[in-house]
Amino acid sequence: MEAWERCEAVERHPNIHSGAWVFTGTRVPVAALFENLRDGSSIEDFLAWFPGVERAQVEAVLDAEAAASFASHA
């Protein structure tokens, strides 16, 4: 996602999860956040299950996703 290229909370490298976006400094895929939220988990649940991810990173990803969604509907 283009918006994530400017988001310091995420990164991607060819050798980590085949280049999928992960939370910076972790191997936790960003997709895991959205999958868990979609399945009814809370942000607190996600942070407990993935202790390497910080709340600020989750918030930055959700903000970037919301901004991209609003931009695509403008």
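# Three helices, two strands and a ring cluster

Modeller: This is a predicted model, and its secondary structure comes to 3 helices and 2 strands. From the N terminus on, the elements run β-β-α-α-α.

Biologist: What makes the chain as compact as a globular protein of that length?

Modeller: Set its radius of gyration against the globule rule. The chain has 12 Å, and the rule gives 11 Å for 74 residues; the two are close, so the chain is as compact as a globular protein of that length. Along its principal axes, the C-alpha trace spans about 35 × 30 × 20 Å.

Biologist: And how much of the chain counts as buried?

Modeller: Of the 74 residues, 32% count as buried. The chain exposes about 4700 Å², and carbon and sulfur atoms supply 53% of that.

Biologist: Which residues of the largest nonpolar core touch the most other members?

Modeller: Phe23, Phe46 and Val61, out of the 16 residues in that core. The helices α1 (30-38), α2 (43-49) and α3 (55-72) each supply at least two residues of it.

Biologist: What does Val61 touch, leaving out residues up to four places away in sequence?

Modeller: Its list is Trp4, Cys7, Ala9, Val10, Phe23, Val30, Leu33 and Phe34.

Biologist: On to α1. How do you know that its buried residues are on the same side?

Modeller: The buried ones in α1 are Val30, Ala32, Leu33 and Asn36. They cover an arc of only 155 degrees around the axis, and that puts them on the same side of α1. As background, an α-helix has 3.6 residues a turn, so residues three or four places apart point the same way.

Biologist: What comes just after α1?

Modeller: Gly40, with a positive phi of about 100 degrees. Ser41 also belongs to this stretch, in the loop between α1 and α2.

Biologist: Why is Ser41 called buried or exposed, whichever it is?

Modeller: Buried means under 20% relative accessible area. Ser41 has 16%, so Ser41 is buried. Not counting residues up to four places away in sequence, Ser41 touches Asn36 and Trp49.

Biologist: Now the rings. How many aromatic pairs does a search of the whole structure find?

Modeller: There are 2 aromatic pairs. One of them is Phe23 with Phe46, whose ring centres are 5.9 Å apart and whose planes are at 50 degrees.

Biologist: What makes you call that pair stacked, tilted or edge-to-face?

Modeller: Stacked needs planes under 30 degrees apart and edge-to-face over 60. At 50 degrees neither label fits, so the pair is tilted. This pair links distant parts of the chain, with Phe23 in strand β2 (residues 22-23) and Phe46 in helix α2, 23 residues apart.

Biologist: How about the rings of Phe46 and Phe50?

Modeller: Their centres are 4.7 Å apart and their planes are at 40 degrees, so this pair is tilted too. Ring pairs link Phe23, Phe46 and Phe50 into a cluster.

Biologist: Why are Phe23 and Phe46 buried or exposed, by your cut-off?

Modeller: Phe23 has a relative accessible area of 0%, so Phe23 is buried. Phe46 is at 0% relative accessibility, so Phe46 counts as buried.

Biologist: And what is Phe50 called?

Modeller: Partly exposed. That label covers values between the 20% and 50% cut-offs; Phe50 has a relative accessible area of 24%, so the label applies.

Terms used
Residues are numbered from 1 along each chain as its sequence is written. This is a predicted model: local features need pLDDT of at least 70, side-chain atom pairs count only at pLDDT 80 or more; totals for chains, interfaces and linings use all residues. Side-chain values use heavy atoms; hydrogens and water are left out. A nonpolar core is a set of buried Ala, Val, Leu, Ile, Met, Phe, Trp, Tyr and Cys residues joined through side-chain atoms within 4.5 Å. Buried means under 20% relative accessible area, exposed over 50%, partly exposed in between (1.4 Å probe, protein chains only). Helices (H or I, at least four residues) and strands (E, at least two) are DSSP runs, numbered from the N terminus. Contact means heavy atoms within 4.5 Å. The arc is that of the directions from the helix axis to the C-beta atoms. Rings of Phe, Tyr and Trp (its six-membered ring) pair if their centres lie within 6.5 Å; planes under 30 degrees apart count as stacked, over 60 as edge-to-face and the rest as tilted. The radius of gyration is taken over C-alpha atoms; the globule rule is 2.2 Å times the number of residues to the power 0.38. Accessible areas come from the Shrake-Rupley method with a 1.4 Å probe; for residues, only the protein chains shown count as cover.
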